[in-house]
Amino acid sequence: SDLSLSTGFDPDDMEVSGPIGDLVTRAAVLGGRFDDAVVRYFIVCWANLNHGAAKLVSGYVALPTVDGGRFKFNIHSEIGKFARSFERPTSPYCRRTFGAVDCGATPIETTGTVTAVTDELAFAVSFSGSYATGFFEKGEAIFLTGGLAGIRPMEIVDWTVAGDASVTLFLPLPDLPEIGDTLTLKQGCDKLRTSCIEHQGDALNFGGEPDLR
């Protein structure tokens, strides 16, 4: 698309689109592989490439979408980050990321292999270790191999064990997994103070306000 440059603190935004293919796949776009990807936009002299290139915009990918067989990236310039709002919400639930440095707890993880597929929301896995029904609920499924490798972690809402485990996700996958795909299964947290005490023995790192009325 046409590029309009501005001075001052106005962001320079543009749009890039193209066909879905082997590199920019549907799963990659909708699965988050290009979220916040660094973008550099140059102008060159095609008559003589030895003249070098002039960088016009440096930014990042925002709001990647797929429409039919084409992808569309909205590109925001770096200065657009200064227009973001940052605030600390008040909530009885912990705002920290489970397992992060400021959390203090260490989530339990195991590896699994897809053994059956129902749809983009549900599939079955064989897994190492012994984890009862419900153990990985509110946790994450992180695909390591196959067409879904590298997409953003997907939240697990149901973990039912009967031999293999039946996994149900909170949001649909951008594409169907395949039998034999491997993934990491990561324990989750319900963000309650009692769970914080259970995971790390105290609530010193709890990031919520459960007593606020």
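Is Trp159 buried or exposed? Let's start there. Trp159 counts as buried, because its relative accessibility is 0%. Keep in mind that this is a predicted model.

Now, who sits with that tryptophan? Trp159 forms an aromatic pair with Phe136. The two rings are edge-to-face. Their centres are 4.8 Å apart, and the angle between the planes is 75°. Look at where the partners come from. Trp159 is in strand 8, residues 154-162. Phe136 is in the loop between strand 6 (122-127) and strand 7 (140-143). So the pair links distant parts of the chain, 23 residues apart. And Phe136? Phe136 also counts as buried, because its relative accessibility is 0%, and buried means under 20%.

Let's widen the view. How many aromatic pairs does a search of the whole structure find? Nine. Another of them joins Phe127 and Tyr131. That pair is tilted, with 6.3 Å from centre to centre and 45° between the planes. Both Phe127 and Tyr131 are buried. Put these rings together and you get one aromatic cluster: Phe127, Tyr131, Phe135, Phe136 and Trp159.

Next, a neighbour of that cluster. Thr110 belongs to strand 5, residues 109-117. Thr110 touches two cluster members, Tyr131 and Phe136. Its other contacts beyond four places in sequence are Ser128, Leu183, Thr184 and Leu185. Ser128 deserves a second look. Its backbone oxygen lies 2.6 Å from a polar atom of the Thr110 side chain. Thr110 is buried too, because a relative accessible area of 7% falls under the 20% cut-off.

Now follow the cluster to Gln187. Where does Gln187 lie? In the loop between strand 10 (182-186) and helix 2 (193-200). With a relative accessible area of 12%, Gln187 is buried. Gln187 touches Phe135 and Phe136. Among the other residues in contact with Gln187 are Phe98, Pro107, Ile108, Gly139 and His199.

Gln187 also takes us to the pockets. It helps line the largest pocket, which has a volume of about 240 Å³. Phe98 and Gly139 are in that lining as well. So are Arg96, Thr97, Lys138, Glu140, Glu155, Lys186, Gly188, Cys189 and Lys191. By class, the lining has six charged, four polar and two nonpolar residues.

Compare the second largest pocket. Its volume is about 210 Å³. How does its lining divide by class? Eight residues are nonpolar, four are charged, and none is polar. Helix 1 (26-30) and strand 8 each give at least two residues to this lining. Among the lining residues are Arg26, Leu30, Met154, Phe170 and Leu173. Three prolines are in there too: Pro153, Pro172 and Pro174. Glu140 and Glu155 line this pocket, and they line the largest pocket as well.

Last stop: the enclosed space. The whole structure has one cavity of 30 Å³ or more. The volume of the largest cavity is about 120 Å³. Which residues lie nearest its centre? Cys94, Phe98, Cys103, Cys189 and Cys196, out of 14 lining residues. The lining has eight nonpolar, four polar and two charged residues. Two names return here. Phe98 and Cys189 line this cavity, and both are in the lining of the largest pocket.

To wrap up, go back to the rings. Trp159 is buried, Phe136 is buried, and the two belong to one aromatic cluster.

Technical notes: Residues are numbered from 1 along each chain as its sequence is written. This is a predicted model: local features need pLDDT of at least 70, side-chain atom pairs count only at pLDDT 80 or more; totals for chains, interfaces and linings use all residues. Side-chain values use heavy atoms; hydrogens and water are left out. Helices (H or I, at least four residues) and strands (E, at least two) are DSSP runs, numbered from the N terminus. Buried means under 20% relative accessible area, exposed over 50%, partly exposed in between (1.4 Å probe, protein chains only). A polar contact is a pair of N or O atoms within 3.5 Å; within protein, one must be able to donate a hydrogen and the other to accept it, and residues adjacent in sequence count only if both atoms are side-chain atoms. Contact means heavy atoms within 4.5 Å. Rings of Phe, Tyr and Trp (its six-membered ring) pair if their centres lie within 6.5 Å; planes under 30 degrees apart count as stacked, over 60 as edge-to-face and the rest as tilted. On a 1 Å grid over the protein atoms alone, a cavity is a set of points where a 1.4 Å probe fits but cannot get out, and a pocket is an open set with protein on both sides within 12 Å along at least five of seven lines; lining residues have an atom within 4 Å of a point. Grid points are joined across faces, edges and corners, and a volume is the space filled by probe spheres set on the points. Ala, Val, Leu, Ile, Met, Phe, Trp, Tyr, Cys and Pro count as nonpolar, Asp, Glu, Lys and Arg as charged, and the others, Gly among them, as polar.
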